[in-house]
Amino acid sequence: MAEPIIAVRHLSKSFGANVVLRDIDFTVSSGDVTTVIGPSGSGKSTLLRCINLLETPTSGSVIFHDQDVTGRGVDPAAYRSKVGMVFQSFNLFSNMTVLDNCTVGQRKVLKKDAETARKNAIRYLEQVGMAPYINARPRQLSGGQKQRVAIARALAMEPEVLLFDEPTSALDPEMVGEVLSVMRDLARGGMTMIVVTHEMAFARDVSNHVVFMADGVIAEEGLPGELFQDPKNPRTREFLARFREN
Ligand SMILES: Nc1ncnc2c1ncn2[C@@H]1O[C@H](COP(=O)(O)OP(=O)(O)O)[C@@H](O)[C@H]1O
Ligand SMILES: [Mg+2]
């Protein structure tokens with residue numbers, strides 16, 4: 001059996017009186033591609049942000065291997081090098097070249113020397129088809145290119161898990177495919193991923209576990225074949241029906 005890498009245990013999150021996540025519980029094992037689907041406002045981003053320690057859970061925990069990373073004594077930067085994140089809005093450093101975007105974390109967090117960081121960065125930029133652009137600035141790139149650089153930057157940290165928060169939602173439609181194709185290749189290569197997405201074909205075809213969230217709870221989860229073919233919860237059915245109409 002594959003080894004569990006991340007276990008989210010009874011996680012809840014409130015902002016003031018607004019309870020955004022309630023008792024979220026699931027496990028991600030090595031090589032899993034878990035997709036998280038659900039309506040806007042259901043708490044998907046907040047869940048990823050809790051897993052990445054960008055938000056502090058109100059209760060419950062996130063266990064990475066055997067360590068509760070929501071406890072004391074965890075260095076968020078070191079943890080994020082193991083559990084990387086790719087955002088909808090790319091979040092590249094706009095004042096840095098493509099290459100520098102992909103080396104700065106390796107230098108600062110992993111303490112790699114300049115030459116090693118550069119070689120690593122180029123290897124991952126090649127993997128996403130962005131090696132010809134090492135000297136470009138983010139503003140010179142299309143959305144799809146920016147997102148591929150953001151993926152290379154995350155990969156250059158050699159993470160054990162990658163989190164994606166709607167990585168194609170900010171893209172023009174013609175650029176969605178190039179980013180999904182990079183993600184599909186990563187999944188095939190065995191990368192452990194948690195992907196929040198509205199790309200139902202990706203969730204169905206690439207992931208091995210689908211989590212459907214509604215109003216801050218996991219309303220339904222399971223194998224993609226089962227959840228998409230035969231959703232049990234009326235809310236899942238209603239949500240999926242909206243996609244089928246398109
Ligand atoms: N920093 C914050 N402060 C207050 N409320 C927040 C904050 N972040 C998210 N929320 C609220 O949490 C709920 C879930 O948001 P989010 O996790 O972004 O949902 P999703 O990603 O599924 O669209 C929303 O009602 C949102 O307004
Ligand atoms: Mg969101």
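**Entry 1, backbone.** I looked up Asp 23 and found it partly exposed, with a relative accessible area of 48%; that label covers the range between buried (under 20%) and exposed (over 50%), with a 1.4 Å probe and protein chains only. The model is predicted, so I note that local features need pLDDT of at least 70 and side-chain atom pairs pLDDT 80 or more, while totals for chains, interfaces and linings use all residues. Residues are numbered from 1 along each chain as its sequence is written, chains are lettered from A and ligands numbered from 1 in the order written, and side-chain values use heavy atoms, without hydrogens or water.

Asp 23 is not a glycine, yet its phi is positive, at about 50°. I placed Asp 23 in strand β2, residues 18–29; strands are DSSP runs of E with at least two residues, helices runs of H or I with at least four, numbered from the N terminus. Leu 53, also a residue other than glycine, has a positive phi near 65°. I found Leu 53 in the loop between α1 (44–51) and β4, where it is buried at 18% relative accessible area.

**Entry 2, largest pocket.** I read its volume as about 530 Å³, the space filled by probe spheres set on grid points joined across faces, edges and corners. A pocket here is an open set of points on a 1 Å grid where a 1.4 Å probe fits, with protein on both sides within 12 Å along at least five of seven lines; lining residues have an atom within 4 Å of a point. I noted 20 lining residues, with Arg 80, Met 85, Phe 93, Arg 153 and Met 157 nearest the centre. Two or more lining residues come from each of α2 (76–82), β6 (83–86), α3 (98–108) and α5 (143–156). The biggest share is that of α3, at five residues.

Two of the central residues also meet each other: Arg 153 lies over the face of Phe 93, 5.0 Å from the ring centre. The test asks for CZ of Arg, or NZ of Lys, within 6 Å of the ring centre and within 35 degrees of the ring normal.

**Entry 3, aromatic rings.** I counted three aromatic pairs, with ring centres within 6.5 Å; planes under 30 degrees apart are stacked, over 60 edge-to-face, the rest tilted. Phe 64 and Tyr 79 are edge-to-face, because their planes stand at 80°, with the ring centres 5.5 Å apart. This pair links distant parts of the chain, 15 residues apart, from Phe 64 in strand β4 (residues 59–64) to Tyr 79 in helix α2. I find Phe 64 buried at 9% relative accessible area and Tyr 79 buried at 4%. Elsewhere, Phe 212, Phe 239 and Phe 243 make up one aromatic cluster.

**Entry 4, largest nonpolar core.** I list 38 residues in this core, and Leu 125, Val 149, Ile 151, Phe 164, Met 183, Leu 186 and Met 193 have the most contacts inside it. Membership needs buried Ala, Val, Leu, Ile, Met, Phe, Trp, Tyr or Cys joined through side-chain atoms within 4.5 Å. The elements giving two or more residues are α3, α4 (114–127), α5, β7 (161–165), α6 (173–188), β8 (192–196) and α7 (200–206). The top contributor is α6, with eight residues.

**Entry 5, two loop residues.** I placed Asn 91 in the loop between β6 and α3, partly exposed at 35% relative accessible area. Asn 91 and Lys 146 are 55 residues apart in sequence, and I read 9.0 Å between their C-alpha atoms. Ser 142 sits in the loop between α4 and α5 and is partly exposed at 22%. From Ser 142 to Arg 244, 102 residues apart in sequence, the C-alpha to C-alpha distance is 29 Å.

How values were computed: Rings of Phe, Tyr and Trp (its six-membered ring) pair if their centres lie within 6.5 Å; planes under 30 degrees apart count as stacked, over 60 as edge-to-face and the rest as tilted.
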